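Biologist: I am new to this structure. Could you show it to me and then take my questions one by one?

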Amino acid sequence: MKSDKQRSHWDLKYEQGLPSLEKPDPFYLSAFARFVADRFPSGGVALDLAGGIGRHALWLARRDWQVTVVDISEVAIHKLNQKAQQLDLALDLFALDAAEYQFEPARFDLIVVFYHFDRGICPGILSTLKPGGFLICKSSLTWGSYEGAAPDNNRPLARNEILLMVPGLEVMHHQERPVHNRGVVEYVGKKW
C-alpha cells in the first residue's frame, strides 16, 4: 500500500531528525504578517496539512490560534505532541495521510500546506476554508521536465498549476522560481 510505504519513509526521516523543519519557513512568516495577522489579531482556527513536527503549528499556537495538524508520520505527530506538552500548548493531532482527513465545511480561517500539495485534496481544502480565510502554500515545482516516480497526485506541480487547483480563491501572492534542479511555488489565496 502506497500510504504505508510513505508513512515508513517519513517515520524514518523524522526519527533521524530534520533540523531544517524545526523553524517556520521565512515565506510563511512574511505571508502571515502581510496577509493574515491584521485580519485575525486574536487568533483563529488553523489547519496545518502535512505539518510534520509542527514548525508552523507551534508558532500559531503560541499566538492563540486553535491548530489542527495532520501528518502521515506517527513519529512526527508523537514528537509534536511531546513538544506541545512541554510548551503547554493544545493542538489537535492526527497521524494520517492528508487524503484520509475528514474535511469539515467552513471550519478553518487558515490552512497551511508546505511541500505536500496533493491534487486530490484540493476540493477538501476549498470546502473547509471559511469565507475570508487564507491558504498559505509552498510546494515543489517542475521547472523543466519531470522524470520522477511519484503518484500523479503527489508529483511536483507544473508551472502555474496551483492557480487552476484552487479556484474560488483570490490570489493574494503567487511566485514561482527555480531552486537548484527544480522549482518552488509560493502562494497565498483568500476565499471569497
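Modeller: One term comes up often: a residue is buried when its relative accessible area is under 20%, exposed when that area is over 50%, and partly exposed in between. Please also keep in mind that this is a predicted model.

Biologist: By that rule, is Glu186 buried or exposed?

Modeller: The cut-off for a buried residue is under 20% relative accessible area. Glu186 has a relative accessibility of 7%, so Glu186 counts as buried.

Biologist: With which residue does the side chain of Glu186 meet in a salt bridge?

Modeller: The N to O distance in this salt bridge is 3.2 Å, and the cut-off is 4 Å. The partner has a relative accessible area of 28%, which makes this residue partly exposed. The side chain that meets Glu186 is that of Arg177.

Biologist: Which residues do salt bridges with shared partners join into one network?

Modeller: By the 4 Å rule, the structure has 6 salt bridges. One of them sets Asp25 against Lys138 at 3.1 Å, N to O. Where salt bridges share partners, one network forms from Asp25, Lys138, Arg177 and Glu186.

Biologist: How many residues apart are Asp25 and Lys138?

Modeller: Asp25 sits in the loop between helix 1 (2-16) and helix 2 (26-36), while Lys138 belongs to strand 5 (residues 129-141). Both Asp25 and Lys138 are buried. Their pair links distant parts of the chain, and the separation is 113 residues.

Biologist: Which residue meets Glu161 in a salt bridge?

Modeller: Side chains of opposite charge can pair when their charged atoms come close. Here the N to O distance is 2.7 Å. Glu161 lies in helix 6 (residues 161-165) and the partner in the loop between strand 4 (108-114) and helix 5 (122-128), so the pair ties together parts 42 residues apart in sequence. Glu161 is buried, and so is the partner, Arg119.

Biologist: How many disulfides does a search of the whole structure find?

Modeller: A disulfide needs two cysteine sulfur atoms within 2.5 Å. The sulfur of Cys122 has its closest cysteine sulfur in Cys137, at 8.5 Å, which is too far for a bond. Cys122 is buried at 3% relative accessible area, and Cys137 is buried at 0%. The number of disulfides found is 0.

Biologist: Which strand does strand 2 pair with in the parallel sense?

Modeller: Strand 2 covers residues 66-71, and the pairing runs over 5 bridges. In one of them, Val69 has Leu93 as its bridge partner. Strand 2, helix 4 (residues 74-86) and the partner strand make a right-handed β-α-β unit. The partner is strand 3.

Biologist: How far apart are the end C-alpha atoms of helix 4?

Modeller: Helix 4 has 13 residues, and at 1.5 Å a residue the expected span is 18 Å. The distance in the model agrees with that expectation, at 18 Å.

Biologist: Which residues of helix 4 are buried?

Modeller: At the start of helix 4, a side-chain oxygen of Ser73 comes within 3.3 Å of the backbone nitrogen of Val75. Just after the helix, Asp88 takes a positive phi of about 55°. Within helix 4, the buried residues are Val75, Ala76, Ile77, Leu80 and Ala84.

Biologist: How many bridges join strand 5 to strand 7?

Modeller: Strand 7 (residues 182-191) is mostly covered, with 7 of its 10 residues buried. Strand 5 and strand 7 run antiparallel, and Ile136 has Val188 in strand 7 as its bridge partner. The number of bridges joining the two strands is 8.

Biologist: Which residue in the hairpin of strand 6 and strand 7 takes a positive phi?

Modeller: Strand 6 (residues 169-179) pairs with strand 7 in the antiparallel sense over 10 bridges, and Val171 stands opposite Gly189 in strand 7. The hairpin has 2 residues between the strands. The positive phi, near 55°, belongs to His180.

Biologist: How far apart in space are Asp97 and Ser3, C-alpha to C-alpha?

Modeller: Asp97 is in the loop between strand 3 and strand 4, and with a relative accessible area of 11% Asp97 is buried. In sequence, Asp97 and Ser3 are 94 residues apart. In space, C-alpha to C-alpha, they are separated by 7.0 Å.

Conventions. Residues are numbered from 1 along each chain as its sequence is written. This is a predicted model: local features need pLDDT of at least 70, side-chain atom pairs count only at pLDDT 80 or more; totals for chains, interfaces and linings use all residues. Side-chain values use heavy atoms; hydrogens and water are left out. Buried means under 20% relative accessible area, exposed over 50%, partly exposed in between (1.4 Å probe, protein chains only). Helices (H or I, at least four residues) and strands (E, at least two) are DSSP runs, numbered from the N terminus. Two strands pair if DSSP finds at least two bridges between them. A crossover is right-handed if, with the strands pointing away from the viewer, the path from the first strand over the helix to the second runs clockwise. The expected span of a helix is 1.5 Å times one less than its number of residues. A polar contact is a pair of N or O atoms within 3.5 Å; within protein, one must be able to donate a hydrogen and the other to accept it, and residues adjacent in sequence count only if both atoms are side-chain atoms.
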